[in-house]
Amino acid sequence: MSTQYSVAGSVAIIHLDNPPLNGLSLSTRQGILRDLTRALDAPGIDSIVLTGNAADFSAGADISEVAAPPSAAGPSLRELIEAFEDSSKPVVAAIEGTCFGGGLELALGAHYRVAATTAKVALPEVKLGLVPGAGGTQRLPRALDMRTAADMITGGSTRTAGSLAAIPGQKLFDLVVDADTVTAATCFATRMAASGRRPRIRDLVAADGDDLGTLHTQLTKRSRGFAAPLIALDLVERARGPFAEGLDAEQAAFLELVGSDQSAALRHAFFAERTARKIPGMAAGTVARPVQKVAVVGAGTMGGGIAMNFLDADIPVAMLETSQEPLDRGLATIRRNYQSQVDRGKLTPEALERRMGLLDPTVDYADLADCDLVIEAVFEDMDVKRVVFTKLDEVMKRGAILASNTSTLDVDVIAEFTGRPADVVGMHFFSPANVMTLLEIVRADKTADDVLATASALGRRVGKVTVVAGVCDGFIGNRMLARYRRASDRLLEVGASPEQIDSAMEGFGYAMGPYRAGDLAGGDIGWAIRKRRYAENPAAPRNELADRLCEMGRFGQKTGAGWYDYQPGRRDAIPSPVVAELLESHYRDNGIRRQNFSAEEIVQRLVFALVDEGARILDEGIALRASDIDVVYLAGYGFPRHRGGPMFHADGVGLDRVEEALRRFDENTEPAPLLTRLAKEGRTFN
């Protein structure tokens, strides 16, 4: 059964019972309507309470049903909501846990709402390239002020019931409690039955004073071609008019978006992230090792960011540095980052102190002995890694996991620095590590299954999107990034400017093009990797332009100059006359006649380079699935989410067209064999 029906005095209680998230699938909707009808027909029942459980009122629609044709069996969610609104007996929604999407729309259809202070509410449909489809864009602006409703609907943000109840004039919640919500709602329903009132949000008038023009400007800038947020904002504006007209407009917009390429891409991303958690080939019954305390070696920018992930999850952290000065500097940076959150109202001062209290700084390896897992975050040099892992092997307890945050180095080699290679794994965080959501779990040749399972589970525990990768130079993400940068540098070498390339990629949907992103990350990082590769392979091609830039000390924002110039205290990228002259001298010295490139060709050259390298990675088994590659690029490299990831995007373009373009761009290099095979067979990656 997807619902449970019970009675408390004269109150009928309908419990949603569709684990794990109380999704509003067809069977659940049918169960709710059946129980509503039963309550309306029962002579001893005066009112009705609709509730879920402590974890979830309802997380909304079943995503797998979103694009399916509507069932003739019914009811649709819209019909179910109207049945509650038209109920002859008052209906109270008792909300605990998550109340998202269709779950919130259903609650908005009740006559009253009683919520736990900590209940979380959201209309996150925009994150799937959609708008609410059962009246959310019309009812929420009538229950809240227009700006708050618009922010929630266009951004998909989550709010607590307590924070929304504090808004003056709100009509979303009739009662917010810290006590048992169902008991409170049952008492409230009894009182409302006696009053005879059955108010409907649809009958309210939305506030007319809020100007959403500023939000429209912000969304236009942020969306970069993503359609749903601006369509959602238009629907919110329509809530100032007649309800029926707004509801019809919402339905038309929903149907248009659900069939769009953008929504298909975002639904692909949604399921790809969940699929990435599944690790094929793992022994049946594998159990993750318990992790109660973590160690981080290195208190620099990366080490401090990694430590914050665990502190945020209430996991104690021992932090090791070589001496007291860099250790103190790292601790000060962590405290400053937390203080910034306090200043913005994102964290309480008490929470700051609690998290800092979980941090155990040390300069002695022996103090790491009681930790269950250690992550090294030291300089990206194999000799440095050798010293660290040799020492960790000496001091860490048996069964402890030894993880490297390396972004490019061979984890198999690192594992052999220890006498326990089965306990070694790569855990590649992305900078800033306390903000970026991607975590590449690198499976070395001898990594034990339970070590892999532990690293993956721990990553999810601290809120990361985890993807398993095999061992190669750069793993999935950075290996593809190197190819992407080679494609962009090739354009630079024959006539395009950094600002032309960046503008094209930002028009495609990236927040930053490759050169602005490179300046943000710091050119010295890539320079160090290139110099290592030059040493390992003297015949490897040089990136002369990037190397010359670094030799000039132009490392990006950190030095005030890189591919662009920067003014003190500002991040605005200003086209640089120094770089323009560097390019002109390169053209003169090499006898190059500058070529012109359209924005479309720039995008194709860079994105198809990613696709080609991704196909090689997939063919070699470095990535388990094409969708895992998409997840890496969506979560870690700024690939526009509404395009679904590079491999999904290529499927939409057509692999035959991708292969033809690659051959046209570089007639001397064969496209990846897997890409060629799939194109010939008319197949796709996903």
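**Exercise 1.** What share of the contacts in the protein chain with a separation of 6 or more comes from residues 24 or more positions apart?

*Solution.* Start with the term: a contact means heavy atoms within 4.5 Å. Now take the contacts with a separation of 6 or more; residues 24 or more positions apart account for 71% of them.

Before going on, a word on the model: it is predicted, local features need pLDDT of at least 70, side-chain atom pairs count only at pLDDT 80 or more, and totals for chains, interfaces and linings use all residues. Residues are numbered from 1 along each chain as its sequence is written, and side-chain values use heavy atoms, with hydrogens and water left out.

**Exercise 2.** Work out whether the radius of gyration fits a compact globule.

*Solution.* The radius is taken over C-alpha atoms, and the globule rule is 2.2 Å times the number of residues to the power 0.38. For 686 residues that rule lands near 26 Å, and the protein chain has 28 Å, so the two agree. As for the box, the C-alpha atoms fill roughly 90 × 60 × 55 Å along the principal axes.

**Exercise 3.** Find the edges of the open sheet with the order β4-β6-β8-β9.

*Solution.* Strands here are DSSP runs of E with at least two residues, numbered from the N terminus, and two of them pair if DSSP finds at least two bridges between them. This sheet has four strands with mixed pairing. β4 (56-58) and β9 (159-160) each have a single partner strand, so one side of each lacks a neighbour in the sheet. Follow β4 inward: β4 pairs with β6 (residues 98-100) in the parallel sense over two bridges. In β6, C99 is the bridge partner of S58.
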